[in-house]
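Work through the following exercises with the sequence and the model side by side. Each task is followed by a solution that proceeds step by step.

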Amino acid sequence: MYKSLIRFIKRWLPGRDEVSHPRRFARQSVAMLRREYQGKPLEEEHVDPDPIVQFEGWFEEAARAIRDDPNAMVLSTVDDKGRPSGRTVLLKGFGEEGFIFYTNYESRKGKEIAGNPHVALTFNWPELMRQVRIEGVAEKTTEEQSDAYFHSRPAGSRISAAASPQSMVVASRRELEERTRELEQQYRNLDAIPRPPNWGGYLVRPELIEFWQGRVNRLHDRICYTRNPDDGWEFKRLAP
Ligand SMILES: Cc1cc2nc3c(=O)[nH]c(=O)nc-3n(C[C@H](O)[C@H](O)[C@H](O)COP(=O)(O)O)c2cc1C
């Protein structure tokens, strides 16, 4: 591992000093990271008038091209002073109504959404040189939907969801492990673990969806859909 790192560094910066300080190399070389984007054209004539159908097509391609977590997206929220924060969550469903993810309602994101339900979701699919940006309003999924998804998860994930006061300070990892052990003893039948009331889904109802396709010489394609007053969608090309 270390040898291949050194080989990689030598290829870029043959100076002795840099080789003995791989960390300094990372800071100095980040500006040198560069690639050409040569994605397929994204043209007005070929995009679907419905952005959810367009997303479905792109998501299918992402799921084929990306081995791990094609459904990973950055969820951005704002606090009560308008300060933004972002974190990765997993998309667990989508359709005409919107985009669904699951989390802890009392986490930092949960509290921020309670204060301001306007959120953004961002997918980055580097293998396809594509990005999708979604902006909309988050609402809790129904209890039935949250129950159904909670009970579809492996037992270990259900225990951890119940044991973890997400986003709170904890004294140690051991404390969390003890909480999970206690729950395992309490629920000998792991299928009986109920969904904690503070754990469930959010549905993000989209108001804007933008598709970005990397193109040659950074002259990228951007098609941005917004909801029009009669609840349909219209799209426009944006400059890259
Ligand atoms: C690939 C990946 C997937 C994740 N998926 C979820 C998820 O679906 N739900 C969730 O609550 N946290 C998920 N997380 C953890 C969040 O990024 C974050 O650490 C956690 O939700 C706490 O965020 P908060 O303190 O801002 O509320 C994921 C992290 C990664 C790296």
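**Exercise 1. Find which residues Pro240 touches, leaving aside those up to four places away in sequence, and decide whether Pro240 is buried or exposed.**

Solution. In this predicted model, begin by placing Pro240, which belongs to the segment after β9 (233-237). Next, list the contacts: leaving aside residues up to four places away in sequence, Pro240 touches Arg218, Leu219, His220 and Arg222. Then count the surroundings: 12 other C-beta atoms lie within 10 Å of Pro240. Because a residue with 12 or fewer such atoms is classed as exposed, Pro240 is exposed. As a last step, take a distance for reference: Ala114 is 126 residues from Pro240 in sequence, and their C-alpha atoms are 34 Å apart in space.

**Exercise 2. Examine the backbone of Asn217 and of Arg218, and determine where each residue is found.**

Solution. Start with Asn217, which has a positive phi of about 55° although it is not a glycine. Arg218, one of the residues that Pro240 touches, also has a positive phi, near 65°, and is likewise a residue other than glycine. Now locate them: Asn217 is found in the loop between β7 and β8, and Arg218 is found in the loop between β7 and β8 as well. Finally, consider exposure: Asn217 counts as exposed because it has 8 C-beta neighbours inside 10 Å, and Arg218 is exposed, with 9 other C-beta atoms within 10 Å.

**Exercise 3. Describe the largest nonpolar core, and state which element gives the most to this core.**

Solution. First take the setting: the chain has eight helices and nine strands, and buried residues make up 22% of its 240 residues. The largest nonpolar core has 27 residues, and those with the most contacts inside it are Phe99, Leu121, Tyr202 and Val204. Second, trace these residues to elements: two or more residues of this core come from each of α4 (51-65), β1 (72-78), β4, β5 (118-125), β6 (130-140), β7 (199-213) and β8 (221-227). Of these, β7 gives the most, with six residues. Third, follow one member outward: not counting residues up to four places away in sequence, Val204 touches Gly98, Phe99, Val119, Leu121, Ile134, Gly136 and Ala138.

**Exercise 4. Characterise the crossing of α7 and α8, and identify the residues that make the contact.**

Solution. Begin with the geometry: the axes of α7 (residues 155-163) and α8 (residues 173-186) come within 9 Å and cross at roughly 120°, and the crossing is right-handed. Then name the participants, which are Ile159, Ser160, Ala162 and Ala163 on the α7 side and Leu176, Arg179, Thr180, Leu183 and Glu184 on the α8 side. Sorted by class, the contact has five nonpolar, two polar and two charged residues.

**Exercise 5. Account for the shell around the ligand by element and by residue class.**

Solution. Count first: 16 residues surround the ligand, and the closest are Thr103, Ser107, Arg108, Lys109 and Ser167. The elements that give two or more residues to this shell are β2 (84-90), β4 (98-104) and α5 (108-115), and β2 gives the most, with five residues. To finish, divide the shell by class, which yields five nonpolar, seven polar and four charged residues.

How values were computed
Residues are numbered from 1 along each chain as its sequence is written. This is a predicted model: local features need pLDDT of at least 70, side-chain atom pairs count only at pLDDT 80 or more; totals for chains, interfaces and linings use all residues. A residue is near a molecule or strand if its C-beta atom, placed from the backbone, lies within 6 Å of it. Helices (H or I, at least four residues) and strands (E, at least two) are DSSP runs, numbered from the N terminus. Ala, Val, Leu, Ile, Met, Phe, Trp, Tyr, Cys and Pro count as nonpolar, Asp, Glu, Lys and Arg as charged, and the others, Gly among them, as polar. A residue is buried if 20 or more other C-beta atoms lie within 10 Å of its own, exposed if 12 or fewer, and partly exposed in between; C-beta atoms are placed from the backbone. A nonpolar core is a set of buried Ala, Val, Leu, Ile, Met, Phe, Trp, Tyr and Cys residues joined through C-beta atoms within 7 Å. Two residues are in contact if their C-beta atoms, placed from the backbone, lie within 7 Å. Axes are lines fitted to C-alpha atoms, for helices over the stretch in contact, and angles run from 0 to 180 degrees between N-to-C directions. A crossing is left-handed if the near helix is turned anticlockwise from the far one by less than a right angle, and right-handed if clockwise.
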